[in-house]
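Dear colleague,

Please find below the structure I wished to pass on to you. My notes on it follow directly after.

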Amino acid sequence: MMIDQVWENSTMEVIGYGIDNGNIDPRELVEYFLTKIDQEKKKEKIFIEVFEQQAKSQADAAYKRATTNTRLSLYDGIPLAWKDNFDIQGKPTSAGLKVLLDRVAQKDAVAYKTSVDAGFICLGKTNMTELAFSGLGINPTFGTPINPFSSEQARVPGGSSSGSAVAVAKGLCCAGIGTDTGGSIRTPAAWNNLVGLKTTAGLISTEGVIPLSQTLDTVGFITHSVEDAAILYHVIAQTDKINFADVGCKGLSLLVCTNIVWDDADSEVAAILDASIDNIAAQGAIIKRSNIPEFEQALKLINTKGNIVNYEASKNWLEFLEAHPNSISQDILDRFYVGAKIQESDAYEVYQGLKDLKKQYLQRTNDYTAVIMPTVANVPPIINDLEQNSQKYAAENLLSLRNTRLANMLGLCAISLPVGFTSSGLPVGLMLLAAPFSEVLLLRLALAIEKIFSR
């Protein structure tokens, strides 16, 4: 038996082999995490529902398979937490709204079913921003999970996958599954000292995920390590296992974006990221710095013609929200009304414009392994400041997603890595962007960089 305290800090590979060789009992593993969740004072803000009985029965089944050599995969018996916009048969899917709790899923989301087929256990559904429509993680209905790195005043966790990130950061599960439409995996990962992988749109089915913006919605993972993100990518995207032999920075060509993504950056965040980039260069990576005009052009396009997310979200939800008054906070509702004002002709122009900019961007960055930038330029804001000031909420929300949304708009894959802390103990994330469907390349690079910062 492994020492309990190591479980949330162990990689899923280590736990998987531990179950395989009989050193870890999946029933005790699940009991350990359920006890930790139960002892968490603010658990109802992190988990919308804990599946205690279901998780225990899944653990019983995993134990039987482990003792009869019929395991479904190396990861059979490992407990995860799922954002509450994934359908799980027989369970309500709230998407962060109490008004949706009456909607019980008739079947599993494709991504969830894939995980169950590999033997992963679900501990429960995690809290999120209402309808996944904010990068801050505030939820007035179910409560806002407090950023574990807050000191005197409670800070936002980042969103929209807020509960998933806080659950992983507090060691309440082995990893969290979430979605990312404009940064909803990477922003909370950066603000909770975690790894956040946004996969390429279309790589993993979003069938059975409550939609925000069908064009940009993606499934992603919040983990303690790059290796765990790679495992979830391998299992849930149903790809070959990544070979991490010979990973290193030597000779890799990386492009640091110098425009717009550093605007309004917290001075400490900028200094930590500059030092991180110097560290990567010291390990033999070839670092070049350049403006990437397509980033500014993409942001200008959506600011003048309309944001695809707002446009599609409004079509998906505004009629429902108007039929259910007071079911969502005003700050989020306002964003649906912004989307309702976007003309179809303007939306078409944005779709086409982003397609053109993606082509230009890929040509510009073709010779580089990845593009580097801050995940989020600011530190997580104080919750009270935002709840009492709608203008500040809107400005901070925009800043929390400005950098991350670029990958969504241009159809890229991206990962956020933890690289340090400010003097007040707030985590800082570095983001890597790679071409569509280049997850293997991206994860190999991410592991090489992670090794630099874990020495």
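I begin with a backbone detail: Q238, just after helix α8, takes a positive phi of about 55 degrees. Please bear in mind throughout that this is a predicted model.

Helix α8 itself spans residues 226-236 and is mostly covered, with ten of its eleven residues buried. The buried positions are V226, D228, A229, A230, I231, L232, Y233, H234, V235 and I236.

Turning to the strands, β4 (residues 176-180) is likewise mostly covered, and five of its five residues are buried. Both of its faces are covered: G176, G178 and D180 lie on one side, while I177 and T179 lie on the other. Strand β4 has two pairings to report. With strand β2 (residues 79-83) it pairs in the parallel sense over two bridges, and W82 stands opposite I177 there. With strand β6 (residues 218-223) the pairing is antiparallel and runs over five bridges; in this case G176 stands opposite I222.

Helix α15 covers residues 390-402. Its 13 residues reach 18 Å from the first C-alpha to the last, close to the 18 Å expected at 1.5 Å a residue. The N-terminal end of α15 is capped by N389, a side-chain oxygen of which lies 3.1 Å from the backbone nitrogen of Q391. Within the helix, Y393, E396, N397, L399, S400, L401 and R402 are buried. These buried residues pack against α7 (186-191), α10 (293-305), α12 (330-340), α14 (383-387) and α16 (405-409).

As regards the interior, the largest nonpolar core has 150 residues, and those with the most contacts inside it are I280, F295, F336, L433 and L443. In soluble globular proteins, nonpolar side chains tend to be buried together. Leaving aside residues up to four places away in sequence, F295 touches C257, I260, V261, Y361, M373, L406, L410 and L433.

Finally, a single position in helix α4 (residues 52-67) may be of interest, namely A59. Is A59 buried or exposed? Its relative accessible area is 1%, which is under the 20% limit, and A59 is therefore buried. Apart from residues up to four places away in sequence, A59 touches P26, R27, V30 and I121. The C-alpha atoms of A59 and S162 are separated by 26 Å, the two residues being 103 residues apart along the chain.

With kind regards

Technical notes
Residues are numbered from 1 along each chain as its sequence is written. This is a predicted model: local features need pLDDT of at least 70, side-chain atom pairs count only at pLDDT 80 or more; totals for chains, interfaces and linings use all residues. Side-chain values use heavy atoms; hydrogens and water are left out. A nonpolar core is a set of buried Ala, Val, Leu, Ile, Met, Phe, Trp, Tyr and Cys residues joined through side-chain atoms within 4.5 Å. Buried means under 20% relative accessible area, exposed over 50%, partly exposed in between (1.4 Å probe, protein chains only). Contact means heavy atoms within 4.5 Å. Helices (H or I, at least four residues) and strands (E, at least two) are DSSP runs, numbered from the N terminus. The expected span of a helix is 1.5 Å times one less than its number of residues. A polar contact is a pair of N or O atoms within 3.5 Å; within protein, one must be able to donate a hydrogen and the other to accept it, and residues adjacent in sequence count only if both atoms are side-chain atoms. Two strands pair if DSSP finds at least two bridges between them.
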